[in-house]
Amino acid sequence: MAIIPTTNKQVLEKYLDLEQNGKVMAEYLWIDGTGEGIRSKCRTLNSTPKHPSDCPIWNFDGSSTYQAEGSNSDMYLHPCAIFKDPFRRGNNILVLCDVYKYNNKPADTNQRHTCAQVMERAKASQPWFGIEQEYTILDFDGHPFGWPKNGFPGPQGPYYCGVGANRVYGRDIVEAHYKACLYAGVDICGCNAEVMPAQWEFQVGPTEGIAMGDHLWVARYILHRVAEDFGVVVTLDPKPMEGDWNGAGAHTNYSTLEMRNKDGLKVIEEAIEKLSFHHVRHIKAYDPREGKDNERRLTGLHETSSIHDFSAGVANRGASIRIPRQVAEDGYGYLEDRRPSSNCDPYAVTEVIVRTTLLNE
Ligand code: ADP
Ligand code: MN
Ligand code: MN
Ligand code: MN
């Protein structure tokens with residue numbers, strides 16, 4: 001088994017308190033060439049930026065992030081959103097960036113670029129999203145955290161929203177992540193233990209337009225960093241354990257101004273009809289391998305719908321789209337698209353939803 005290279009985090013505390021002579025440490029974050037991985041590097045700024053455009057454009061070596069184009073390995077980081085840095089605290093910041101190639105064209109895995117354009121065109125409808133990010137905590141050896149090393153925990157049933165040392169594994173990580181997100185300014189709105197032991201969920205939202213993707217990516221970055229501190233690993237694989245174990249999704253809740261108003265249910269139903277015509281296109285946008293990852297998860301079992309069929313229903317957790325019971329009763333609200341994979345790119349997911357339901361393209 002691999003040895004976990006940890007250092008004593010308490011020793012770090014005395015350095016974190018040091019005064020910085022007015023300088024700001026800015027950790028630039030970006031999505032790498034896998035479309036799933038997050039990379040980051042730090043630089044000093046002389047003052048606190050008010051707006052992303054106050055942060056300088058920067059570059060990195062794309063040949064080390066699966067992003068290089070031939071001999072042109074320099075890629076550009078364009079700052080998009082600023083959050084407070086919960087790890088360094090003080091005036092230090094996280095700077096979420098999108099990535100451009102040497103010729104200033106968006107990198108292949110830059111899904112934010114077109115998403116931002118689509119959200120701009122749809123902004124009169126105020127599209128809101130809430131994403132439920134499910135994930136699994138792994139030990140350093142790749143085995144689910146807290147699972148017996150030579151066997152399996154008892155069958156699913158007691159773990160979802162569970163309480164007790166024999167029910168949930170890794171709550172410290174979940175708690176630390178939640179606090180760190182609130183501190184950073186991420187729109188985190190809830191969390192719960194999931195059906196499979198060592199699997200958890202947090203929710204972000206409701207968040208409007210392009211900010212949905214920004215906030216979820218930063219929440220993921222913070223999660224990986226928190227896990228790093230605890231000497232464990234977080235995976236967003238949609239089906240980390242084969243067999244009778246739930247997979248992990250990123251249910252995407254969605255509403256527009258019209259859906260939230262009186263008689264919104266009619267608009268929700270119209271949106272669902274449009275979604276039904278574009279099932280394949282949506283499945284392709286809902287994981288980084290155009291449906292290949294989700295194939296392992298969307299089996300029709302374990303509270304999922306089959307990847308091959310489109311379905312919708314009130315309170316139906318075995319459907320592609322669920323109308324929450326409360327929404328059906330109120331007559332307005334939002335819909336839940338249960339298809340996106342836990343490792344989806346929220347920019348791609350929110351973009352295709354808006355294209356299909358609002359822009360009719
Ligand atoms: P579930 O019952 O499916 O587990 P959760 O409580 O985990 O639902 O998540 C609900 C999500 O729906 C949250 O992310 C929340 O922000 C989001 N949400 C609530 N109202 C709206 C709305 N009007 N439009 C879009 N998203 C919404
Ligand atoms: Mn949920
Ligand atoms: Mn869930
Ligand atoms: Mn859900």
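The side chains of D337 and R339 meet in a salt bridge, with 2.9 Å from N to O; by salt bridge I mean a side-chain nitrogen of Lys or Arg within 4 Å of a carboxyl oxygen of Asp or Glu. Both D337 and R339 are buried, where buried stands for under 20% relative accessible area, exposed for over 50%, and partly exposed for what lies in between, using a 1.4 Å probe and protein chains only. The model is a predicted one, in which local features need pLDDT of at least 70 and side-chain atom pairs count only at pLDDT 80 or more, while totals for chains, interfaces and linings use all residues. Residues are numbered from 1 along each chain as its sequence is written, chains are lettered from A and ligands numbered from 1 in the order in which they are written, and side-chain values use heavy atoms, with hydrogens and water left out.

Let me stay with the charged pairs. Side chains of opposite charge can pair when their charged atoms come close. Searching the whole structure gives 23 salt bridges. One of them joins R322 to E336, at 2.5 Å from N to O. R322 belongs to strand β12, residues 321-323, and E336 to strand β13, residues 335-337, so this pair ties together parts that are 14 residues apart in sequence. Helices and strands here are DSSP runs, H or I of at least four residues for a helix and E of at least two for a strand, numbered from the N terminus. R322 is buried at a relative accessible area of 12%, and E336 is buried at 1%.

Salt bridges with shared partners also join E36, D237, R289, D293 and R296 into one network. Within that network, R296 pairs with D293, their closest N and O atoms being 3.4 Å apart. Here R296 counts as partly exposed, at 37% relative accessibility, whereas D293 is buried, at 7%.

I turn now to the metal sites, where E336 appears again. Which residues supply the protein donors of the manganese ion (ligand 4)? They are E132, through two OE entries, H251 through ND1 and E336 through OE, lying 2.0 to 2.5 Å from the ion. Donors are N, O and S atoms within 2.8 Å of the metal, or 3.2 Å for Na, K and Ca; water is not among the atoms, so sites may look incomplete. Along the chain, the donors of ligand 4 follow the spacing E-x118-H-x84-E. E132 lies in strand β6, residues 128-138, and E336 in strand β13, so the pair ties together parts that are 204 residues apart in sequence.

E132 also bridges ligand 4 and the manganese ion (ligand 2), and these two ions lie 3.9 Å apart. Ligand 2 is coordinated by E132 (OE) and E201 (OE), at 2.2 to 2.3 Å. This pair links distant parts of the chain, with E132 in strand β6 and E201 in strand β8, residues 199-208, 69 residues apart. E201 in turn bridges ligand 2 and the manganese ion (ligand 3), which lie 3.9 Å apart. As for accessibility, E132 is buried at 15% and E201 is buried at 5%.

The next topic is ligand 1. Around it are 18 residues, of which E132, E201, G205, S255 and E336 come nearest; a residue is near a molecule or strand if one of its heavy atoms lies within 4 Å of it. E132, E201 and E336 have thus been met already, as metal donors. Turning to polar contacts, a polar side-chain atom of S255 lies 2.7 Å from a nitrogen atom of ligand 1. An oxygen atom of ligand 1 is 3.3 Å from a polar backbone atom of G205, and an oxygen atom of the ligand is 3.4 Å from an N or O atom in the side chain of N253. A polar contact is a pair of N or O atoms within 3.5 Å; within protein, one must be able to donate a hydrogen and the other to accept it, and residues adjacent in sequence count only if both atoms are side-chain atoms.

A contact within the protein involves H143, found in the loop between β6 and α3 (171-184). H143 is buried, at 17% relative accessible area, and its side chain reaches the backbone oxygen of P148 at 2.9 Å.

Finally, the cysteines. How many disulfides does a search of the whole structure find? It finds zero, a disulfide being a pair of cysteine sulfur atoms within 2.5 Å. For C189, the nearest cysteine sulfur is that of C191, 9.9 Å away, and C189 is partly exposed at 44%. Why does C344 form no bond with C115? The sulfur of C115, the closest cysteine sulfur to that of C344, is 11 Å away, too far for a bond. C344 is buried, at 0% relative accessibility.
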